[in-house]
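Here is a colleague's note to read with the model open beside you. Find each residue on screen as you go.

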Amino acid sequence: MSASTEYRYNRLTWAEMNDAIAMEKVVILPTGSTEQHGRHLPIDVDLFLAESVCLEAGRRNPDKILVLPPIAYGLNMHHIDFPGTIHIEPDVFIAYCLNITKSVAYHGFKKILLINGHGSNTPLIDLVARKTVLETDSLCAAFTYISLAMDEFNAVKESEVMAHADEFETSLYLALAPERVQMDKAGKGDDVMGKYMSSDSMYTYPVRFNDYWGRWTNLGVHGDATVATAEKGRVIFEAAVTKIGEIVEEWQQWPIAERSDQHTLPVQSKIRW
């Protein structure tokens, strides 16, 4: 293997890392969680799915991408009533991820992407990306891979509500590792839904609200997992992987301009926030 053919960050030697830096590869950090996903899916759903799409994007674009080992835990107190769930406090998550991106920037990588698979990490990775840009000379952007496949998923979906352990996630897991999905235990969520919000408002409601799941469900599903299929999962996978490759290509070309200070008098440059 060499820097031009290896897309897994931790498979390179330190000498090969210098070559990857010179190639201006985009470094990807997948972020997920370890949490309940109903009675039919393992608790690694967010981690496994996010890492899988990132690794496949890297495999298809090895000269442009390096995929870091993923973040396996996230903000999850709302799922804590279900056995196995691991919760990380927001400030700890942000600080930990920021240490990773700053390390990558320190070595000379100029472009970093945070690719998320856990909805509740969304505001946290946004802050990590912003802080990375403001505290280093590198650029960092963040998004949830699910958003990349929504047009394609909407064309094949059969359920109305999409949120957690649902048709989307179950279908993608069926496409990647069907032997780990217990479809005989799949169910439809009994969420509390209103006009503007639900018990776990994410993609389909304008008001963000996230209650303890133990207050409103014994199943742990928001959406309908029973209509999931591997075929739908393959549609999702192909859309997400293809668009990650397109994003990386655009991100590689994104300019890093010099800052222009518009003050007419000297600033107090020693101030740190």
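The points below go through the core, the rings, the charged pairs and the surface.

1. **Status of the model.** This is a predicted model. Keep that in mind at every point.

2. **The core.** The largest nonpolar core has 41 residues. Which of them touch the most other members? They are Tyr145, Phe168 and Ile244. Two or more core residues come from each of these elements: the strands β1 (26–31), β2 (65–67), β3 (111–116) and β4 (139–144), and the helices α2 (45–60), α5, α6 and α7 (230–253). Helix α7 gives the largest share, eight residues.

3. **An edge-to-face pair.** The model has five aromatic pairs. One of them joins phenylalanine 153 and phenylalanine 168. Their ring centres lie 5.1 Å apart, and the planes meet at 80°. The pair counts as edge-to-face because an angle over 60 degrees falls in that class. Phenylalanine 153 belongs to helix α5 (residues 150–154), while phenylalanine 168 belongs to helix α6 (residues 167–176). The two are 15 residues apart, and the pair links distant parts of the chain. Both phenylalanine 153 and phenylalanine 168 are buried. Phe168 also appears in point 2, among the core residues that touch the most other members.

4. **A tilted pair.** Tryptophan 251 and tryptophan 254 form another aromatic pair. Here the centres are 6.2 Å apart and the planes 40° apart, a tilted arrangement. Are these two residues buried or partly exposed? Tryptophan 251 has 13% relative accessibility, so it counts as buried. Tryptophan 254 has 44%, so it counts as partly exposed.

5. **Charges over rings.** Two arginines are worth finding. The charged end of arginine 8 sits over the ring of tyrosine 7, at 5.1 Å from the ring centre. Arginine 180 places its charged end over the ring of phenylalanine 48, 4.4 Å from the centre.

6. **A salt bridge in helix α2.** There are twelve salt bridges in the structure. One of them pairs arginine 60 with glutamate 56, with the closest N and O atoms 2.9 Å apart. Why are the two separated by about one helical turn? They are four residues apart in helix α2, which means about one turn. Arginine 60 is partly exposed, because its relative accessible area is 35%. Glutamate 56 has 15% and is therefore buried.

7. **A salt bridge in helix α4.** Arginine 130 and aspartate 126 also meet through their side chains, at 2.9 Å from N to O. They lie four residues apart in helix α4 (residues 122–135), so about one helical turn separates them. Arginine 130 counts as exposed because its relative accessibility is 53%. Aspartate 126 is partly exposed, with a relative accessible area of 32%.

8. **A buried salt bridge between helices.** Now look at glutamate 167 and lysine 232. Their side chains form a salt bridge at 2.6 Å, N to O. Glutamate 167 is in helix α6 and lysine 232 is in helix α7, 65 residues apart. This pair, too, links distant parts of the chain. Glutamate 167 has 0% relative accessibility, so it is buried. Lysine 232 is buried because its relative accessible area is 7%.

9. **A network.** Which residues do shared salt-bridge partners join into one network? They are Glu56, Arg59, Arg60 and Glu238. Glu56 and Arg60 are the pair from point 6.

10. **A nonpolar surface patch.** Tyr196, Met197, Val207 and Phe209 make a nonpolar patch of about 340 Å² on the surface. Methionine 197 lies in the loop between α6 and β6 (200–201). Its relative accessibility is 36%, so methionine 197 counts as partly exposed.

11. **An exposed alanine.** Where is alanine 22? Look in helix α1 (residues 14–22). Alanine 22 is exposed, because its relative accessible area is 63%. Exposed here requires over 50%. Alanine 22 and lysine 131 are 109 residues apart in sequence. In space, they are 24 Å apart from C-alpha to C-alpha.

Key. Residues numbered from 1 in each chain as written. Predicted model: local features only at pLDDT ≥ 70, side-chain atom pairs only at ≥ 80, totals over all residues. Heavy atoms only, no water. Phe/Tyr/Trp six-rings, centres within 6.5 Å; stacked < 30°, edge-to-face > 60°. Buried < 20%, exposed > 50% of the residue type's maximum accessible area, 1.4 Å probe, protein only. Lys NZ or Arg CZ within 6 Å of the ring centre and 35° of its normal. Patch = residues over 30% accessible without salt bridge, like charges linked within 9 Å, V, L, I, M, F, W, Y side chains within 5 Å. Areas by Shrake-Rupley, 256 points an atom, 1.4 Å probe, with all protein chains shown as cover. Salt bridge = Lys/Arg side-chain N within 4 Å of Asp/Glu carboxyl O. Core = buried A, V, L, I, M, F, W, Y, C linked by side-chain atoms within 4.5 Å.
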